[in-house]
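User: Please give me a close reading of the nonpolar interior of this protein. I should like to see how its parts connect with the surrounding aromatic and polar contacts.

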Amino acid sequence: MIKKILKGEYKGLWSVRIQPTVNGKRTSITKRAKTKLEAQKLEIDLKVKYAGYKNGLPSITDESKFLVEYTKYVEKKAQSITATTNRSWSYSLTLLNEYLKKENETDIQLKDIDQHFFNDFAHWYIKNHPKASVKKSTVIDVTLAHFRAFFTFLLDKAVLNINPIPRSYLKLFFRQSDFSTGRKWHLFSKDEVAALRKELLKEYKSSTVANSVSKLALLVDTYLGLRPEELQVLKFDQLVKYEGSYTFKIDNSWSEKDKKPNGSLKDRPKGAYRYCLPIKNNEIIDLIKEFQIKQKKYLDEYGLKNTSGYIFLNLHNYRSISSNNQLPVTQGSLNDKLKDVCSKAGIEKQENSVLALYSLRVYLSSLLGNDNRISNMYACQRMGNTIQVFLSTYVKENRESYKQNSQLWSC
């Protein structure tokens with residue numbers, strides 16, 4: 001029934017009232033519209049909507065509270081993601097809670113959420129977090145991606161008709177001048193990597209067994225370019241011969257925060273594995289095999305055993321070695337050792353860049369991406385990335401070819 005409101009607070013508006021059957025009982029639903037035409041359209045929409053509710057209301061509708069439903073979604077999501085990823089989802093919920101309390105909108109319904117809401121949310125976050133920046137893979141980018149995934153889920157459930165978070169949301173929500181250039185990894189040259197390997201090998205051979213772990217780890221990573229969390233949990237029995245060369249067959253990664261294995265590779269199901277880049281230098285393979293013997297002899301002296309199988313076991317932490325949760329060397333100690341060895345090898349960090357383990361990964365990825373003889377698919381499989389991430393994030397023009405292009409150019 002449609003009726004014009006003649007008095008009171010809503011005078012001049014049009015009242016729309018329907019009496020659908022929900023859960024076998026007649027119920028009354030009343031809404032308001034600005035014009036008679038809008039009221040007629042609203043009446044049709046309401047009748048269509050409630051026609052499907054004869055056997056009971058769905059668990060979620062467009063009138064459900066955003067905060068309540070997103071909380072349920074995050075809690076459900078936690079059952080199928082890693083602890084690290086779950087922290088990111090949980091933080092998005094924390095931010096949403098904080099923002100809604102500030103705006104006094106904790107009861108806002110899903111139907112009232114639009115693009116402007118998230119535009120305001122994004123600017124609120126940047127304004128109230130001085131160290132925050134606008135760029136790919138930052139907190140605001142990941143948080144909005146989580147929200148977009150939630151609303152995509154609602155679209156699939158036919159709860160809403162449009163996703164309030166558009167594609168390329170950062171470009172729509174922020175000016176170009178608001179964006180940060182992002183973190184830039186130091187890009188090694190071939191000569192620098194050769195000097196780094198030489199210095200690491202020299203220091204490794206002159207170190208005690210306990211003090212040689214991080215040096216061997218870095219030396220091996222100059223050939224593999226693993227993520228730090230993958231390098232930490234390399235095992236002796238993962239060294240295999242595959243397609244004519246030695247390499248590692250890996251299936252796990254380390255959580256530095258939780259101090260335990262994640263149980264899988266990044267963004268991969270448990271049990272999934274991959275072969276790393278082949279190591280063609282037989283001296284490195286011999287060092288790994290010799291170190292296995294040295295490590296066992298060292299632990300035997302203290303009545304300890306390497307039950308984890310980790311190559312880069314932290315040999316200074318006797319308590320962890322004797323426990324059920326043996327710890328590998330930390331990412332912090334590996335990064336510190338890399339900087340120290342680079343300094344001794346005369347390698348200077350590029351201006352406004354970060355020198356860390358990931359620099360080795362970027363270096364090897366760039367070599368792969370710039371070598372026309374090697375397919376990008378092969379490179380992605382060995383490095384553990386999608387094509388898109390591999391090309392956009394890791395592949396840079398190597399310093400030798402960049403210099404060569406500059407020398408060839410004339411005008």
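Analyst:

**The nonpolar interior and its surroundings**

The largest nonpolar core comprises 60 residues, and those with the most contacts inside it are Leu 234, Phe 248 and Phe 312. Two or more residues come from each of H7, H8, strand S7 (245-250), helix H10 (282-301), helix H12 (331-344), H13 and helix H14 (376-383). The greatest contribution is that of H8, with eight residues.

The model is a predicted one, and its confidence deserves mention at this point. The mean pLDDT of the protein is 90, and 93% of the residues score at least 70. Helix H8 (residues 213-224) has the highest mean pLDDT among the elements, 98, whereas helix H16 (residues 399-408) has the lowest, 60. The helix that gives the most to the largest core is thus also the element with the highest mean confidence.

Leu 234 shows how the core is assembled around one residue. Neighbours within four places in sequence being set aside, Leu 234 is in contact with Val 220, Leu 224, Leu 226, Phe 248, Ile 250, Gly 309, Tyr 310, Ile 311 and Phe 312. Apart from this core lies another, of 35 residues, which includes Leu 96, Phe 121, Ala 122 and Phe 174.

Gln 232 is a polar residue to consider next. Gln 232 is found in helix H9 (residues 228-232) and is buried, with a relative accessible area of 1%. Its side chain is joined to that of Glu 256 by a polar contact of 2.9 Å. Beyond its neighbours within four places in sequence, Gln 232 is in contact with Trp 254, Glu 256, Tyr 310, Phe 312, Pro 328, Val 329, Thr 330, Gln 331 and Leu 334. Tyr 310 and Phe 312 appear in this list and among the contacts of Leu 234.

Two further residues touch each other across helices. Thr 143 lies in helix H5 (residues 139-156), and Ser 92 has its place in helix H3 (residues 83-102). Thr 143 is buried at a relative accessible area of 2%; Ser 92 is buried at 0%. With neighbours within four places in sequence left aside, Thr 143 is in contact with Ser 92, Leu 95 and Phe 121. On the same basis, Ser 92 is in contact with Tyr 70, Thr 143, His 146 and Phe 147. Phe 121, a contact of Thr 143, is one of the residues of the 35-residue core.

Aromatic pairs provide another view of the structure. A search of the whole structure finds 26 of them. In one, the ring centres of Phe 66 and Phe 118 are 6.1 Å apart and the planes stand at 80 degrees; because planes over 60 degrees apart count as edge-to-face, the pair is assigned to that class. Phe 66 lies in helix H2 (residues 66-77) and Phe 118 in helix H4 (residues 115-128), so the pair ties together parts that are 52 residues apart in sequence. Both Phe 66 and Phe 118 are buried. In another pair, Trp 185 and Tyr 358 have ring centres 5.4 Å apart and planes at 20 degrees, so the pair is stacked. Trp 185 belongs to the loop between helix H6 (169-173) and helix H7 (190-205), while Tyr 358 belongs to helix H13 (residues 357-369); the pair therefore ties together parts that are 173 residues apart in sequence.

His 186 has its place in that loop between H6 and H7. With 0% relative accessibility, His 186 counts as buried. The side chains of His 186 and Glu 192 are joined by a polar contact of 3.3 Å. A polar atom of the His 186 side chain also lies 3.1 Å from the backbone nitrogen of Gln 350.

Charged groups also sit over rings. The charged end of Arg 32 is placed over the ring of Tyr 10, 3.8 Å from its centre. Lys 249 lies over the face of Tyr 273, at 4.2 Å from the ring centre.

Two loop residues complete the account. Lys 259 is found in the loop between strand S8 (254-255) and strand S9 (260-261), and Asn 352 in the loop between H12 and H13. Lys 259 has a phi near 55 degrees, a positive value in a residue other than glycine; the phi of Asn 352 is likewise near 55 degrees. Lys 259 is partly exposed, with a relative accessible area of 46%, whereas Asn 352 counts as exposed at 65% relative accessibility.

Terms used: Residues are numbered from 1 along each chain as its sequence is written. Side-chain values use heavy atoms; hydrogens and water are left out. Rings of Phe, Tyr and Trp (its six-membered ring) pair if their centres lie within 6.5 Å; planes under 30 degrees apart count as stacked, over 60 as edge-to-face and the rest as tilted. Helices (H or I, at least four residues) and strands (E, at least two) are DSSP runs, numbered from the N terminus. Buried means under 20% relative accessible area, exposed over 50%, partly exposed in between (1.4 Å probe, protein chains only). A charge sits over a ring if NZ of Lys or CZ of Arg is within 6 Å of the ring centre and within 35 degrees of the ring normal. A polar contact is a pair of N or O atoms within 3.5 Å; within protein, one must be able to donate a hydrogen and the other to accept it, and residues adjacent in sequence count only if both atoms are side-chain atoms. pLDDT is the predictor's confidence in each residue, from 0 to 100. A nonpolar core is a set of buried Ala, Val, Leu, Ile, Met, Phe, Trp, Tyr and Cys residues joined through side-chain atoms within 4.5 Å. Contact means heavy atoms within 4.5 Å.
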